[in-house]
Amino acid sequence: MDEKIFVAGHKGLVGSAIKRELEERGYKNLICKSHSELDLEDANSVTKFFDEYKPDYVILSAAKVGGILGNNSYPVEFFVKNMKIQLNVIENAYRTNVKKLIFLGSSCIYPKSAPQPLKEEYLLDGKLEKTNEMYALAKISGLKLCGAYNREYNTNYISVMPCNLYGLNDNYDSQNAHVLPMLIRRFHEAKINNQKEVTVWGTGKPLREFMFAGDLAKCIVFLLENKNASDIGEFINIGTGEEVTIFELANIIKDVVGFMGDITFDNTKPDGTYRKVMDVSKIKSLGWSAKTPLKEGIKIVYQDFLENKNIRKNPIN
Ligand code: GFB
């Protein structure tokens, strides 16, 4: 419990859930630095940080993330910022002999037309989804780099690829956030402003797999405590294995928020990839599965949204 664990990105959706889970399990020596205290894109600052703190474990949940519009609008930032963060943290983890590093990727790394549910072996079997190609390339590079370090230097770096996530402390930016928090905000504002209808982007037909970030955090701590890269292979999917259409999601959120108007669709906005549900049999065979049902999780998040007035609306760059 006294081991030094660096949670990179501890203020974000995933990082804050992991920090909460580690604290609840009694870890006393968490190292957390805000963006202003430590710029992970700056090689010298990261080198100095690792020399000073010498963490035993690293959870790399810091990243430049966003929804379909953010990814589609800022491909350069999504690639360059994520590559810099990954290279700085992973290289310094090796240089300072970190015992174990967990790298967070995303389900958007898979080819657009891969068979569903997505199995780990489908990686790089085809073209990527255009709207988030540069983010996917950065995440693929990160997981491949971890694998290369394990092979060449016998390190213990685990790469995990979660499905779409939602949870406390999410980003509600009106242009660049992910679909679930954006719809919570839009249905809420429509309700309090007595609007007649809420517009959902695209056709509503695409399917998405949503997992509560608190469940992912439990899985990450489970892997930190019990598994090594040799148990995992190159990387492992973490998801619920269940999917809903964007239309079904919008109706669940409409119901939870208590909006009584209609739902309309804005076809000028992109649908993105049609499906990306993951095969989660590998993580299940290691003894872990997600617990929080979608509607339950959305109720928890809406409560957090209502209580947490200063909701994060940080724009993308
Ligand atoms: O979460 P999201 O923006 O990203 O979901 P992806 C996009 C899907 O939700 C598209 C529909 O089908 C959109 O048309 N949608 C409907 C909306 N209304 C809205 C809305 O108000 N806002 C948004 N954002 N979408 C992300 C990747 O892909 O998945 C990230 O861009 C990451 O890099 C993440 O990998 C897990 O699910 O399409």
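A search of the whole structure turns up two cavities of 30 Å³ or more. A cavity is a set of points, on a 1 Å grid over the protein atoms alone, where a 1.4 Å probe fits but cannot get out; lining residues have an atom within 4 Å of a point. A volume is the space filled by probe spheres set on the points, which are joined across faces, edges and corners.

The model is predicted: local features need pLDDT of at least 70, side-chain atom pairs count only at pLDDT 80 or more, and totals for chains, interfaces and linings use all residues. Residues are numbered from 1 along each chain as its sequence is written, and side-chain values use heavy atoms, without hydrogens and water.

| Cavity | Volume | Lining residues include |
|---|---|---|
| Largest | about 80 Å³ | S107, Y110, K112, N132 and R275 |
| Second largest | about 30 Å³ | L13, R20, F212 and G214 |

Helix α1 (13-24) and helix α7 (213-226) each give at least two residues to the second lining. The biggest contribution, four residues, is from α1. Helices (H or I, at least four residues) and strands (E, at least two) are DSSP runs, numbered from the N terminus.

Now the ligand. Around the ligand stand 24 residues, and S106, N164, R208, P270 and D271 come nearest. Near means that a heavy atom of the residue lies within 4 Å. A ligand oxygen is 2.8 Å from a side-chain N or O atom of R186. Another polar contact (a pair of N or O atoms within 3.5 Å) joins a ligand nitrogen to a polar backbone atom of A177, at 3.1 Å. Helix α6 supplies the largest share of the shell, four residues.

Note on methods: Polar contact = N/O pair within 3.5 Å; in protein donor to acceptor, adjacent residues only side chain to side chain. 1 Å grid on protein atoms, 1.4 Å probe; cavity = no way out; pocket = protein on both sides within 12 Å on 5 of 7 lines; lining within 4 Å.
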